[in-house]
Amino acid sequence: MNTADFIWHNGEFVAWEDAKVHVLTHGLHYGTSVFEGERAYETDRGPAIFRHQDHLKRLEASAKLYYMDLAYSQEQLGEATRELITRNGLRSCYIRPLVYRGHGPMGLDPEDNPVEVMIAVWEWGAYLGDAAKKDGIRAKVSSWRRISPQSLIPHSKAGGQYLNSVLAKIESKRGGYDEGILLDERGNVCEGTAENVFVVREGVISTPPQTASILDGISRKSLIKIAGDEGYTVVERDVARAELVLADEIFLVGTGAELVPVREIDDIEVGPPGEVTRQLQQVYEDALHGRDERYTKWLDYIGTGATDSASMPNPSPVASKA
Ligand code: PPE
């Protein structure tokens with residue numbers, strides 16, 4: 001992977017190679033961590049973080065669901081992130097904030113372990129590759145079901161829960177596929193290992209609802225808005241497995257992957273990326289890069305002090321500090 005000069009760790013900017021934890025860190029043993037995946041893009045007004053405030057809100061929500069209190073406000077984490085990107089001299093990057101239970105008592109009661117925070121940024125290209133975004137991928141329905149809300153918390157982006165995605169990812173890769181799609185515990189379509197799913201059939205776009213064990217994806221939310229603005233009907237409803245095969249078009253969305261068409265499912269051809277997918281992919285790319293005025297409100301411009309929301313003030317733009 002690419003590295004950068006600094007990582008923000010518990011309030012300090014430390015050298016990349018010095019950002020370390022003790023081997024008895026609670027999160028390492030029991031998966032007691034929550035994280036985010038965000039991206040900053042180069043725009044004609046400098047680097048900008050896509051839906052920064054929404055990601056920080058979800059980070060706090062993920063932590064709350066696992067009884068973790070953050071010692072830093074969303075404003076402080078937002079400011080730390082902007083400063084970190086500036087200090088690393090990055091124009092575009094992936095952003096990984098992580099909140100974890102640190103070194104303290106061993107055992108399953110984590111409440112006396114410190115809640116620590118780190119933010120790392122580095123350059124990371126398209127998650128499934130540029131060819132995937134252009135030509136589409138071959139996906140297979142996984143033999144693993146997505147974690148059930150009866151045992152874990154799909155709405156929390158929690159470290160331990162990703163063992164589920166890791167199993168599905170390894171299975172799909174070893175089977176010769178680009179990605180696995182998981183069903184929920186009822187057998188309806190849920191999501192990819194790191195992406196939400198959309199199917200297009202007879203001009204109508206459908207995506208599994210909040211109650212289908214999905215992660216409440218920020219790219220998903222953005223795509224629902226964009227598709228509506230482009231005049232499409234988007235329905236959040238249960239999607240049967242067979243509808244993947246019967247779809248006219250399928251695509252996946254996620255921060256790392258961005259928008260990726262699916263051209264084959266379970267060894268059955270869905271087709272090359274279709275018209276609807278192409279159109280939405282174009283608008284989405286424009287939105288990410290600040291080229292569409294309708295969506296510049298989603299961007300937290302690092303250099304100018306402008307923010308993605310009035311409720312997240314950025315009183316001291318990092319560009320002037322650096
Ligand atoms: N579902 C899962 C399970 C998931 O991990 C992601 C993001 C999504 C849906 C899409 O959510 P959003 O990014 O808010 O649109 N996965 C992140 C982590 C990937 C990783 O490999 O790490 C990401 O894409 O950044």
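**Exercises on the ligand shell**

Strand S6 (93-101) and helix H6 (218-229), both DSSP runs numbered from the N terminus (helices H or I, at least four residues; strands E, at least two), each contribute at least two residues to the shell around the ligand. The model is predicted, so that local features need pLDDT of at least 70 and side-chain atom pairs pLDDT 80 or more, while totals for chains, interfaces and linings use all residues. Residues are numbered from 1 along each chain as its sequence is written, and side-chain values use heavy atoms, without hydrogens and water.

**Exercise 1.** Determine how many residues surround the ligand and how they divide by character.

*Solution.* Counting residues with a heavy atom within 4 Å of the ligand gives 19, with Tyr-94, Tyr-127, Tyr-162, Ser-219 and Thr-255 the closest. The shell then divides into six nonpolar, eight polar and five charged residues, where Tyr counts as nonpolar and Gly as polar.

**Exercise 2.** Find the side chains in polar contact (N or O atoms within 3.5 Å) with ligand oxygen atoms.

*Solution.* Begin with Tyr-127, at 2.4 Å from a ligand oxygen; continue with Tyr-162, at 2.5 Å; then add Arg-96, at 2.9 Å.

Methods. Polar contact = N/O pair within 3.5 Å; in protein donor to acceptor, adjacent residues only side chain to side chain.
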